[in-house]
Amino acid sequence: MEKTYGLPLFPIPSQFGTEEETQVKLTSEILFKEFFCDEYGNNPMVYEIGRALIDKLGGFSNIARIKLESDYLKAITYKRANSIYGDKLPSDIDARLKYELQIIKMRGLSNYFLLVQNVINSIRKEIGAIVAPAWGKESGSLVAYCLGITKVDPMKCDLLFENFIRTTDDSFPLMYFLINREAFRHVKDWLIYKFGESLWQRIVLLPSETLSNVKAIVTAIKTSRNIDIEWDKIPLDDKETLNSFKDGRYESLWSYEYKPIKFYSPKFIPSSFEDLTIMSAFIHSGLTFTREVYLKRKNGDAEFGYEIPCMERYTKETCGLLVYEEQLALLLSLLADFSREESYKSIYYLRMENATECSIIEDNFIRRGFKNGHPKKILQKLWSEWRSCCSAIKSKSSVVNEVWLSYLLTFYEVNYPEEYQSVMAKK
């Protein structure tokens, strides 16, 4: 077959099936329906549009291979999902996986996800590297989380897949990773040798001093205490770690090296990982005008409510304020039935300050929201507020990754102080 996106093919085990078998079993009509309907086999595309997309993927001769890759990706994703969430998956987890896997298949990206998982696992096992997701938006993918590509559960943090892969966007979604500095010196040549130059250009690996420190600390813990630690298997609700952030007692790490963070930590009084994320978002975004409002509300110095009661679902953690792109996308869907794609297109045009498109979106939001029973004046007020702050809000997926890395090293600083100090003293 012709390589999709010029990438090498992932070696799917022959016992799972072959491209030839798939080609024989499935007609072009069956393949068309599977690729160009939604995850439940409904709402098929207009034939001409679907046919154009098939041509982009290399035609029907390529589709059989992509179908095989997609089926294999689904099998290993669900196997990992069952190990994380249990044999009977919660309905929201199952629905999200179905949706993501369908989009990945339609975009011809199953092979990419399989290759990335293979690369990351190989780097860890064969080179002994530690690898973590960087500030990319791949954290919005539940599939990536189940595969072990990312480290934070997107369902617990309300991270959205559409922030990483848009259904109608032709751009290739790059995945960004951090790797400990020592391993980075060797990994490029090794990766090109094993997987080829084309894949190296599709995965961005960045050297990280933080991960080098973590690796050295874990090695020191093994030497001094004879304890084997999986470096990234740490509880995100560790009280001592959270208390150190609450009191402003931590080293200058990652996103928290910014001086105002140290100043504001005692004011934010973070008591959870989510609080750390909000604190970082406020400090690093353009939301300075609502920061004090948030602090007063969070600390009980100011009462607040929700313009429309159902908005509590997505803004409770931020005390009724808009802080993240993901919140805005979810609110547009909740109040006015915007599709996933419409929500992110709306955010794009709001950021671009495209007056014509913003006017169309505003009309749709108010008309649909009013049809859903929400007062027109409140909808107009919300739209005005969202439009004024849209350029300042941040992607929660990006913030979560930065905070996770800061939390990671602080966890070792607090819980293994001797080993932490011995490593840092050598820097």
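The mean positions of the 56 positive and 58 negative charges of the chain lie 1 Å apart. In that count Lys and Arg are positive and Asp and Glu negative, with His and the chain ends not counted, and each charge is placed at NZ of Lys, CZ of Arg, CG of Asp or CD of Glu.

A word on the source: this is a predicted model, in which local features need pLDDT of at least 70 and side-chain atom pairs count only at pLDDT 80 or more, while totals for chains, interfaces and linings use all residues. Residues are numbered from 1 along each chain as its sequence is written, and side-chain values use heavy atoms, leaving out hydrogens and water.

**The chain as a whole**

The secondary structure comes to 22 helices and three strands; helices (H or I, at least four residues) and strands (E, at least two) are DSSP runs, numbered from the N terminus. The chain has a radius of gyration of 23 Å, close to the 22 Å that the globule rule gives for 427 residues, so it is as compact as a globular protein of that length. The radius is taken over C-alpha atoms, and the rule is 2.2 Å times the number of residues to the power 0.38. If you turn the C-alpha trace onto its principal axes, it spans about 65 × 65 × 40 Å.

Of the 427 residues in the chain, 52% are buried. Here buried means under 20% relative accessible area, exposed means over 50%, and partly exposed is in between (1.4 Å probe, protein chains only). The accessible surface of the chain is about 19800 Å², and 51% of this belongs to carbon and sulfur atoms. These areas come from the Shrake-Rupley method with a 1.4 Å probe, and for residues only the protein chains shown count as cover.

Contacts (heavy atoms within 4.5 Å) tell you how the chain folds back on itself. Among those between residues at least 6 apart in sequence, 74% join residues at least 24 apart.

**The three strands**

Strand E2 (residues 175-180) has five of its six residues buried, so it is largely enclosed by the rest of the structure. E2 pairs with strand E1 (residues 131-133) in the antiparallel sense over three bridges; two strands pair if DSSP finds at least two bridges between them. One bridge joins Val131 to Ile179 in E2. E2 also pairs with strand E3 (residues 203-208), this time in the parallel sense over six bridges. There, Tyr176 has Val204 in E3 as its bridge partner.

**Two buried loop residues**

Val152 sits in the loop between helix H7 (142-146) and helix H8 (154-157). Its relative accessible area is 3%, so Val152 is buried. Setting aside residues up to four places away in sequence, Val152 touches Ser139, Tyr145, Cys157, Val400 and Trp404. From Val152 to Leu142 is 10 residues in sequence and 9.3 Å in space, C-alpha to C-alpha.

Phe338 belongs to the loop between helix H17 (325-336) and helix H18 (340-352), and at 5% relative accessibility Phe338 counts as buried. Beyond its neighbours within four places in sequence, Phe338 is in contact with residues including Leu332, Ile361, Phe365 and Arg368. The C-alpha atoms of Phe338 and Gly369 are separated by 9.7 Å, with their positions 31 residues apart along the chain.

**Two asparagines with positive phi**

Most residues other than glycine have a negative phi. Here are two residues to look up in the model that have a positive value.

| Residue | Phi | Place | Relative accessible area |
|---|---|---|---|
| Asn43 | near 55° | loop between H2 (28-35) and H3 (47-56) | 61%, exposed |
| Asn226 | near 55° | loop between H11 (209-225) and H12 (239-246) | 58%, exposed |

**Two helix residues**

Glu209 lies in helix H11 and counts as partly exposed at 35% relative accessibility. Glu209 touches Arg181 and Lys427, not counting residues up to four places away in sequence. Glu209 and Asn180 are 29 residues apart in sequence and 6.4 Å apart in space, C-alpha to C-alpha.

His186 lies in helix H9 (residues 181-195). With a relative accessibility of 52%, His186 counts as exposed. The C-alpha atoms of His186 and Thr318 are separated by 43 Å, and these residues are 132 apart along the chain.
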